[in-house]
Structures are given as C-alpha cells and as structure tokens.
Amino acid sequence: MGNSFQVQDRFADGAQYIGGRLRSGTSGRRHDVVNPATGETVYTYELAGTADVDAAVAAAREAFPGWSGATPAERSEAMHRFAAVLAEQADDFAYAESLQCGKPVKLSTEFDVPGTVDNTSFFAGAARHLEGKSAGEYDGDHTSYVRREAIGVVGSIAPWNYPLQMAAWKVLPAIAAGNTIVLKPAEITPLTSLMFAQAATEAGIPDGVINIVTGAGRDAGEHLVGHPDVVMTSFTGSTAVGKRVAEIATSTVKRLHLELGGKAPFVVFDDADLEAAVNGAVAGSLINTGQDCTAATRAYVQRPLYDAFVQGVAALMETVRLGDPFDPKTDLGPLISHAQRDRVAAFVERARAYATVVTGGEAPGGELADGAYYRPTLVAGAAQDSEIVQAEIFGPVLVVLPFDTDDEGIALANDTPYGLAASAWTRHLYRANRATREIKAGCVWINDHIPIISEMPHGGYKASGFGKDMSAYSFEEYTQVKHVMYDNTAVARKDWHRTIFGDR
C-alpha cells in the first residue's frame, strides 16, 4: 500500500476538529505522532488545552437541539451516507491506521476498517429502532408509555490500540440516539479519529455533532470528564485510569460507561480439538501484537493435552512473520511504542525467575531493530498468583498453565480481578454450557476467541468495567428513559387525594 496522502499536509490546520473544521490546539505544547515500526515522526501538532475542550463542548451543545430534534429517519439517512464515505475512503483509513499504530496492513484492511464501516451501517439502521415499552393502562385510570430520549453532550475518551474502531464505538451509538459528542483520542494515535470526524462532515452530519480534541489525559481528558456541560462520559482504557475517570465523573454526577482492562482466559478441556485450540491460541494471543483487552493471555489446558498444546503453540508462534506493517505478508507488527515494548519485555524478564520462556522473549535485531518489535512469547510453569498470570501485559505474550478437573479449570479462569472476555474449547455440549454460565466475563466464546459483531454487545464484569459498546444494548448508555403518564378519568378529585386531605 502506497502513501495515499501526506499526513502533515492533510492535517496542516491542526489536530483538533471543532464545529466542523480543523484547528490548532492552544496548550502551547507540541506532540509527535511516531511510526512505531521505524521510530520516525510522521506528524507534529499542538496539543489541546482546556480552552479547546471548552470550545468543543460549546459546539456540541449548540448542535444538540437540531440533531436530537431530527427524526430517526433523518439521522439514519445521514449515518448511511457516513458509512458510504468511510467505505470510499477505506484505503486512506487503512494506511493511516497502520502508519500510526504499526498494525500489519492486512489487519487494518481486513479487520479495523471494514469493522468500522459495518458498525456505522448497523447504527444507521438502529437509529430508527429506539423503542420504549408499549403503552398501556397499568392501573386502569392512566395510560403510561416510555420515551427514550437523547441525554445531551457526551464526552468520550478512546485508547490507542484500535483508534479507528474505538472512535466508532464511542461516537456511533451516541449520535444514533440523538446526542452530540466530544471525543478525545489518545494523543499518540489521533489520525483516524480526525479522519472519521471529517468523513461525517462530508456525509452531511451537521457541524458540532462530532468534535475531536487531541490532548493529554491529565489536561484535556480530565477537563472533558469534569466539564459541567458534559452529561455522560464513556472511557476505554486501563483499569487504573478508569478509576480516575470514575472519580471525576462521580464528583459531577455524570452517567458513566467504562470498558477497562482484561486478562482473558483460554480454557482447553481434554476433549478439545487440539489443532483448533493451538491455532486459536496463537491467533487470539497475537492479534494486534497482543494489544487487545480481549486477547487470549492465560491458557489453561487440561493435563492430558497440556504438553502437546505447549509444543504446538511454540512451534506455530515461531512461524509468525514480523516485518514492515505495509508488507502484506507481515503477520505481526511492532508494539505501539518503544516504551510499551520495554514494559512488555520487563514482565517477561521478571518471569524468568519463576517460570520458563518456551519461545520468544526477545526483541528482534537486524532490519527491525529500530522498531518497537517483540517476538511472540510463550511462558510456562508460572504459578497462578504470579505477576505474569495476574497482570495485564498488553503484548504478544501467552502464559500456559495445566489443570486437572473441570472445577479447577473454571475456578482458575475466574481467578483474576478482570472479566472482559474468555473462551472455552471442548466438543462436549454440557461442558460448553457450563463454561458459558460460570465463567465471569462479558463475552465467552466456545471453540473460538476474538470475533466480534456489530449486533452483539461488548463490555465486562468486575474490574473490566460496566456498560456496553456496540449492539442495541449500547443505547442503554446513551439514552434517558422517561415515563409519561396520562390521566384517563377527567375526574377533578381523585380517590387517592383523601390521603392528603378530606375523607372518601
């Protein structure tokens, strides 16, 4: 894939998108977007300050009456045009996503971009199906019904691992429900969020409905979450930062949606298809270089299959091709930064004191030495309570542990603070059903790991947060439910008034 546009030229006016146009930030601090595959700077811009957040919120507030007052059909039509514009610009989006993240181009072209187009099409249709409970006379004297209304200006914060998809997950249900939004993408990966907002404007979505502020979390992010005109915050990121977001949102009595960390278990029972489990473990642990909160990170394998599973995963990991993200043959790109690569490597180095690194455990040299690359890594022999089993690493590292009984396997799967995603591998219907019931996670796959679809919700249990992205369930986060009740009697003095004055 060639360089379809020059980033510095494309965003020469700045990395803030407010009221339908690009503008420069006002923080007085500049920031570099770096290609993690080469270490080269691809874009330099001025970070957002609090004044930029204020301007974006004001633009969203001004746009809210018109957008929320549009008919569902009008919002739906605009969002269908939005999906079409995204599809037309798919190559540019894939290029920019791979450039800023180091994603292999086959991942950005086959997963990130088409997934976002599909998500947009889904919410374009869902905009016409915001339904409340049917009307009825529940006490005999009144007719009740439920209105589902937009809540106002949403302030959302998205992470750097899937910048385009996370922007879509935040923006689409919010605007489909009639809200307006200010999104703060990660300052290291703003390009596709800005392009997403530009595409919405091209599709005819009114100015101010979607605004982007690109700044640091402690400045722009905290100011956005605490802004008095922001009525809801949706945050995706680490559990530690999510706690801080919750503190700020709670102090201003905002609605809050959190999609936080994960440490997904991958439970292989002794009747599983071993080949399928090995393939699934490698794919599920290495997607996006392991920088995925639903990635398979803890493989629990019942004792009869354990040795063969370890051998099979190690052998398959060693065939994975690291390389230039823009080479269509590349399987695994770099981590998002050298700092993240070094953080992942430190987990593995500490684990050598108590576990065995079966394969990987090092950064490649040669032509890849300048990038933030790390080899696919399999760790065995760690204890359940060890750091590498319990902590979110966010890199291409899979740890494998044996178990004996089904009870033990499910107990181990549940034995971390997280509960975002999990998978179970078995040919046995009752084992599969038990796993889906008893594993405490927002998504449990059977004989697969990773696939997501627009029609189904995504969100976690426990320290992985609460609330849902995608699907019609996400509207629970972005709408206000209002009960409306009409008197049907036309009687001036109701029977219940006697509890306040007079007799029957």
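This short talk goes through the pockets, the nonpolar core, the aromatic pairs and the cavities of the structure shown above.

Please keep in mind throughout that what we are looking at is a predicted model.

Let me begin with the open spaces. The largest pocket has a volume of about 950 Å³, and of the 37 residues that line it, Trp160, Phe235, Gly237, Ser238 and Val241 are the ones closest to its centre. Which element gives the largest share of that lining? Helix 9 does, with 6 residues, although helix 8, spanning 217–226, strand 9, spanning 232–236, helix 9 itself, spanning 239–251, and helix 12, spanning 338–351, each contribute at least two residues. If we sort the lining of this pocket by class, we find 19 nonpolar, 11 polar and 7 charged residues.

The second largest pocket holds about 450 Å³ of space. Its lining is made of 21 residues, and those nearest the centre are Lys106, Ala283, Leu286, Ile287 and Asp331. Here helix 5, residues 105–126, and helix 10, residues 274–286, each supply at least two residues, with helix 10 giving the largest share, namely 5 residues. By class, this second lining comprises 11 nonpolar, 7 polar and 3 charged residues.

I turn now to the interior. The largest nonpolar core contains 67 residues, and the ones with the most contacts inside this core are Tyr43, Phe82, Ile175, Phe196, Ile205 and Ile210. The largest share of this core, 10 residues, is provided by helix 6, which covers residues 163–176. Tyr43 deserves a moment: leaving aside residues up to four places away in sequence, Tyr43 touches Val7, Gln8, Phe11, Gly14, Ala15, His31, Asp32, Val33 and Leu191. Tyr43 also belongs to an aromatic cluster, which is formed together with Phe11 and Tyr45, so that Phe11 appears both among the contacts of Tyr43 and in its cluster.

That brings me to the aromatic pairs, of which a search of the whole structure finds 12. One of them joins Phe123 and Phe475 in an edge-to-face arrangement, with 5.8 Å from centre to centre and 85° between the planes. Why can we say that this pair ties together separated parts of the chain? Because Phe123 lies in helix 5 while Phe475 lies in helix 16, residues 475–478, the pair connects parts that are 352 residues apart in sequence. As for exposure, Phe123 is buried, with a relative accessible area of 0%, and Phe475, at 3% relative accessibility, counts as buried because the limit is under 20%.

A further pair, made by Trp160 and Phe394, is likewise described as edge-to-face, with 5.5 Å centre to centre and 80° between the planes. This pair links distant parts of the chain, with Trp160 in the loop between strand 6 (153–157) and helix 6, and Phe394 in the loop between helix 13 (387–390) and strand 15 (397–403), 234 residues apart. Phe394 has a relative accessibility of 16% and therefore counts as buried, the limit being under 20%. You will remember Trp160 from the list of residues closest to the centre of the largest pocket.

Next come the enclosed spaces. How many cavities of 30 Å³ or more does a search of the whole structure find? There are 4. The largest cavity has about 130 Å³ of space, and it is lined by 13 residues, with Tyr162, Trp169, Asp292, Thr294 and Ile452 nearest its centre. Helix 6 gives the largest share of this lining, 3 residues, and we met helix 6 already as the element with the largest share of the core. The classes in this lining are 7 nonpolar, 4 polar and 2 charged.

The second largest cavity has a volume of about 70 Å³. Of its 16 lining residues, Pro265, Arg298, Ala413, Tyr418 and Gly419 lie nearest the centre, and the elements giving two or more residues are strand 11 (264–268), strand 16 (418–419) and strand 17 (421–425). This lining divides into 9 nonpolar, 3 polar and 4 charged residues.

I will end with a single position, Ala472, which sits in the loop between strand 20 (465–466) and helix 16. At 45% relative accessibility, Ala472 counts as partly exposed. Ala472 and Pro457 are separated by 15 residues in sequence and by 7.6 Å in space, taken from C-alpha to C-alpha.

Technical notes. Residues are numbered from 1 along each chain as its sequence is written. This is a predicted model: local features need pLDDT of at least 70, side-chain atom pairs count only at pLDDT 80 or more; totals for chains, interfaces and linings use all residues. Side-chain values use heavy atoms; hydrogens and water are left out. On a 1 Å grid over the protein atoms alone, a cavity is a set of points where a 1.4 Å probe fits but cannot get out, and a pocket is an open set with protein on both sides within 12 Å along at least five of seven lines; lining residues have an atom within 4 Å of a point. Grid points are joined across faces, edges and corners, and a volume is the space filled by probe spheres set on the points. Helices (H or I, at least four residues) and strands (E, at least two) are DSSP runs, numbered from the N terminus. Ala, Val, Leu, Ile, Met, Phe, Trp, Tyr, Cys and Pro count as nonpolar, Asp, Glu, Lys and Arg as charged, and the others, Gly among them, as polar. A nonpolar core is a set of buried Ala, Val, Leu, Ile, Met, Phe, Trp, Tyr and Cys residues joined through side-chain atoms within 4.5 Å. Buried means under 20% relative accessible area, exposed over 50%, partly exposed in between (1.4 Å probe, protein chains only). Contact means heavy atoms within 4.5 Å. Rings of Phe, Tyr and Trp (its six-membered ring) pair if their centres lie within 6.5 Å; planes under 30 degrees apart count as stacked, over 60 as edge-to-face and the rest as tilted.
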